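Please study the sequence and the three-dimensional structure shown below. The paragraphs that follow lead through them step by step.

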Amino acid sequence: LASCKPPPSYFGECGDENYDLFAATVEDKKEFESKCGVQWPCKLTCSRDYTSKCPVGWSVGAGGISCHAPSSYRGRCARAVSFASVEEKR
């Protein structure tokens, strides 16, 4: 049986358990993304818009020079980050 296990760097809500996601529907995967703070890779036609001030779901801070994570954010980065240049976004 094949399963997915998060890398050691993962500190999200879903812990370090193995998950069988190979038979999961698109809706199942979307729910897992939301619950566990992960993302499936983009299709080849997808491109990231690095001209946007902040990542999807984040809000622009006072003065427009910082981005603030939503309350649901559980990632590795600080909850308030400056993305002043395109290079800092990568």
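How many bridges join strand 2 to strand 3? The model examined here is a predicted one, and in it two bridges join these strands, which run antiparallel to one another. One residue position may be picked out: His68 stands opposite Ala80 in strand 3. The wider arrangement is an open sheet of three strands in the order 1-2-3, with antiparallel pairing. Strand 1 and strand 3 are the edge strands, since each pairs on one side only. As a general matter, strands of a sheet pair through backbone hydrogen bonds, and such pairing may be parallel or antiparallel.

His68 also leads to a residue of the loop between strand 1 and strand 2, namely Ser66. The side chains of Ser66 and His68 are joined by a polar contact of 3.2 Å. Ser66 has a relative accessible area of 18%; because buried means under 20%, Ser66 counts as buried. When residues up to four places away in sequence are not counted, Ser66 touches Cys54, Ser59, Val60, Gly61, Val81 and Ser82.

Cys54, one of the residues that Ser66 touches, takes part in a covalent link. The structure holds one disulfide, and it is formed by Cys54 and Cys67, whose sulfur atoms are 2.1 Å apart. Which parts of the chain does this pair tie together? Cys54 lies in the loop between helix 1 and strand 1, whereas Cys67 lies in strand 2, so the pair ties together parts that are 13 residues apart in sequence. The torsion about the S-S bond is about -90°, and the disulfide is therefore left-handed. Both Cys54 and Cys67 are buried.

The loop between helix 1 and strand 1 also contains Trp58. A search of the whole structure finds one aromatic pair, and its members are Trp58 and Tyr73. Their rings are 5.1 Å apart, centre to centre, with 65° between the planes. Because an angle over 60 degrees counts as edge-to-face, the pair is given that description. Tyr73 is located in the loop between strand 2 and strand 3, so the aromatic pair ties together parts that are 15 residues apart in sequence. Is Trp58 buried or exposed? With a relative accessible area of 15%, Trp58 is buried.

Attention may now turn to the helix. Helix 1 comprises residues 26–36, and Lys29 lies within it. The relative accessible area of Lys29 is 26%, so this residue is partly exposed. Leaving aside neighbours within four places in sequence, Lys29 is in contact with Leu21, Ala24 and Trp40. Lys29 and Gln39 are 10 residues apart in sequence, and their C-alpha atoms are 9.0 Å apart in space.

Helix 1 also holds a pair of charged residues, Lys30 and Glu27. Their side chains meet in a salt bridge, at 3.8 Å from N to O, and the count for the structure comes to one salt bridge. How are these two residues placed along the helix? Lys30 and Glu27 are three residues apart in helix 1, and so they are separated by about one helical turn. Lys30 has a relative accessibility of 46% and therefore counts as partly exposed. Glu27 reaches 52%; because exposed means over 50%, Glu27 counts as exposed.

Conventions. Residues numbered from 1 in each chain as written. Predicted model: local features only at pLDDT ≥ 70, side-chain atom pairs only at ≥ 80, totals over all residues. Heavy atoms only, no water. Helix = DSSP H or I, 4+ residues; strand = E, 2+ residues; numbered from the N terminus. Buried < 20%, exposed > 50% of the residue type's maximum accessible area, 1.4 Å probe, protein only. Contact = heavy atoms within 4.5 Å. Phe/Tyr/Trp six-rings, centres within 6.5 Å; stacked < 30°, edge-to-face > 60°. Disulfide = S-S within 2.5 Å. Pairing = 2+ DSSP bridges. Salt bridge = Lys/Arg side-chain N within 4 Å of Asp/Glu carboxyl O. Polar contact = N/O pair within 3.5 Å; in protein donor to acceptor, adjacent residues only side chain to side chain.
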